[in-house]
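Please take a moment to look over the sequence and the model shown below, and keep both at hand while reading. The paragraphs that follow go from the whole chain to single residues.

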Amino acid sequence: MTANHASEGAPAPAAGGTRKHTALPKAQILIEALPWLTRHHGKTVVIKFGGNAMIDEGLKAAFAQDVVFLRHAGLKPVVVHGGGPQISAQLDRHGLVSEFKAGLRVTTPEAMDVVRMVLAGQVQRELVGLLNQHGPLAVGMTGEDAHTITATQHFPQIDGESVDIGRVGEITEINTGAIEALLENGRIPVVSSIARSAEDNHVYNVNADTAAAALAAALGAETLMVLTDVEGLYEDWPNSDEVISRLTAAELEKLLPELSSGMVPKMEGCLFAVRNGVNTARVIDGRVQHSILLEIFTDEGIGTMVVPDATDDTEGGRA
């Protein structure tokens, strides 16, 4: 009597001697990510967290998962955040008017107290909490801590004249020591974009896009990623919704005067980053769940990528 090693009632193997595994597409997805995992392993990635992703519960949870995934995949993520919607809501509760000039929030001393409270005491705490649901990883800090970001008062040019918009800071110095120590310890730094001035000792509100770009450059990051509420940089808005997939620093510089005021700090940050040692800067749609993973670990990418002018195009695809 011959032995029967198959379980009774078990389905016969598919033609060709192999069973069709329903999980196979998952393996194919992981294999597609392999070149990108290899390329980015051990590299620092600075992510500017903002826009709708900050106020939608599902998007916030997905963002935290993405950042933790990067950490466990061998990358070194650093998160920089602002808090525009939350600041506006809190100013409204305090009876303070939200006003913007040159794309920046006019920040009185009274408004600065609210900004500091919201960024360091509300937005940062929530984000650290979401990340730490996955383990003891995230550590919150502000630009004030360990003199990470030092600033002076910023006077934007409007119609050729310098305008006083209050406690809005222009970055004068970056000290990455505390962030590098956290990264070396396997932590995820979460940085609120406020800074102290060495001149008058006041605390200043620093644009989070600008802060993220400056930190990316100072850290020698592989990539700067900026989450937005649009798909990327449009080719010919509003006549077309075609997104520019890739452009050089010089090409971006030519486009800057035509951009909407809200996009200017983001794209200026990308330009600064790639001209100061960061390999790529990416603007991605934060309204898409897991947009960070889609951008870093797939061949297509989903946003606009800015590269330095002297770049090698022979690699093909999105580097």
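What percentage of the 319 residues of the protein count as buried? In this predicted model, the share of residues that count as buried is 46%. The chain is arranged into nine helices and 16 strands, and its accessible surface comes to about 15900 Å², with 52% of that area belonging to carbon and sulfur atoms. When contacts between residues at least 6 apart in sequence are considered, 71% of them join residues at least 24 apart.

A good place to begin is helix 8, which spans residues 264-274 and is mostly covered, since eight of its eleven residues are buried. Those buried residues are Pro 265, Lys 266, Met 267, Gly 269, Cys 270, Leu 271, Ala 273 and Val 274. Which elements provide the cover for the buried residues of helix 8? Among them are strand 1 (44-49), strand 13, strand 15 (280-285) and strand 16 (304-307), together with helix 6 (208-219) and helix 7 (249-255).

The contribution of helix 6 can be followed through one residue, Ala 213, which is found in that helix and counts as buried at 1% relative accessibility. Leaving aside neighbours within four places in sequence, Ala 213 is in contact with Leu 224, Gly 269, Phe 272 and Ala 273, and of these Gly 269 and Ala 273 are also listed with the buried residues of helix 8. Ala 213 and Lys 266 are 53 residues apart in sequence, while their C-alpha atoms are 8.7 Å apart in space. Lys 266 also takes part in a network of charges, which is described further below along with other salt bridges.

Two further residues can be read in a similar way. Thr 176 lies in the loop between strand 9 (169-174) and helix 5 (177-184), and at 11% relative accessibility it counts as buried. Not counting residues up to four places away in sequence, Thr 176 touches Ala 218 and Leu 219. Ala 178, by contrast, is found in helix 5 and is partly exposed, with a relative accessible area of 25%. Leaving aside its neighbours within four places in sequence, Ala 178 is in contact with Met 141, Ala 146 and Thr 148, and the C-alpha atoms of Ala 178 and Met 141, which are 37 residues apart along the chain, are separated by 9.4 Å.

Turning to the charged side chains, how many salt bridges does the count come to? With a salt bridge taken as a side-chain nitrogen of Lys or Arg within 4 Å of a carboxyl oxygen of Asp or Glu, the count comes to eleven. One of them joins Lys 60 and Glu 57, at 3.1 Å from N to O, and because these residues are three apart in helix 2 (residues 57-72), they are separated by about one helical turn. The two partners differ in their surroundings, as Lys 60 is buried with a relative accessible area of 6%, whereas Glu 57 counts as exposed at 54%.

Another salt bridge is formed by Arg 275 and Glu 253, whose closest N and O atoms are 3.2 Å apart. Arg 275 lies in the loop between helix 8 and strand 15 and Glu 253 lies in helix 7, so this pair ties together parts that are 22 residues apart in sequence. Here Arg 275 is partly exposed at 39% relative accessibility, and Glu 253 is partly exposed at 41%. The side chains of Arg 287 and Asp 285 also meet in a salt bridge, at 2.8 Å from N to O, with Asp 285 buried at a relative accessible area of 6% and Arg 287 partly exposed at 41%. In addition, salt bridges that share partners join Lys 48, Asp 209 and Lys 266 into one network.

On the surface, Glu 231, Glu 235, Asp 241 and Glu 242 gather in a patch of negative charge. Asp 241 is found in the loop between strand 13 (223-228) and strand 14 (246-248), and this residue is exposed, with a relative accessible area of 53%.

Finally, the backbone deserves a look. Most residues other than glycine have a negative phi. Asp 159, however, has a positive phi of about 55 degrees although it is not a glycine; this residue lies in the loop between strand 7 (157-158) and strand 8 (161-162) and counts as exposed at 77% relative accessibility. His 290 likewise has a positive phi, near 60 degrees, and its place is in the loop between strand 15 and helix 9 (291-297), where it counts as partly exposed at 29% relative accessibility.

Methods. Residues numbered from 1 in each chain as written. Predicted model: local features only at pLDDT ≥ 70, side-chain atom pairs only at ≥ 80, totals over all residues. Heavy atoms only, no water. Patch = residues over 30% accessible without salt bridge, like charges linked within 9 Å, V, L, I, M, F, W, Y side chains within 5 Å. Areas by Shrake-Rupley, 256 points an atom, 1.4 Å probe, with all protein chains shown as cover. Lys, Arg positive; Asp, Glu negative; His and termini not counted. Charge placed at Lys NZ, Arg CZ, Asp CG, Glu CD. Helix = DSSP H or I, 4+ residues; strand = E, 2+ residues; numbered from the N terminus. Buried < 20%, exposed > 50% of the residue type's maximum accessible area, 1.4 Å probe, protein only. Contact = heavy atoms within 4.5 Å.
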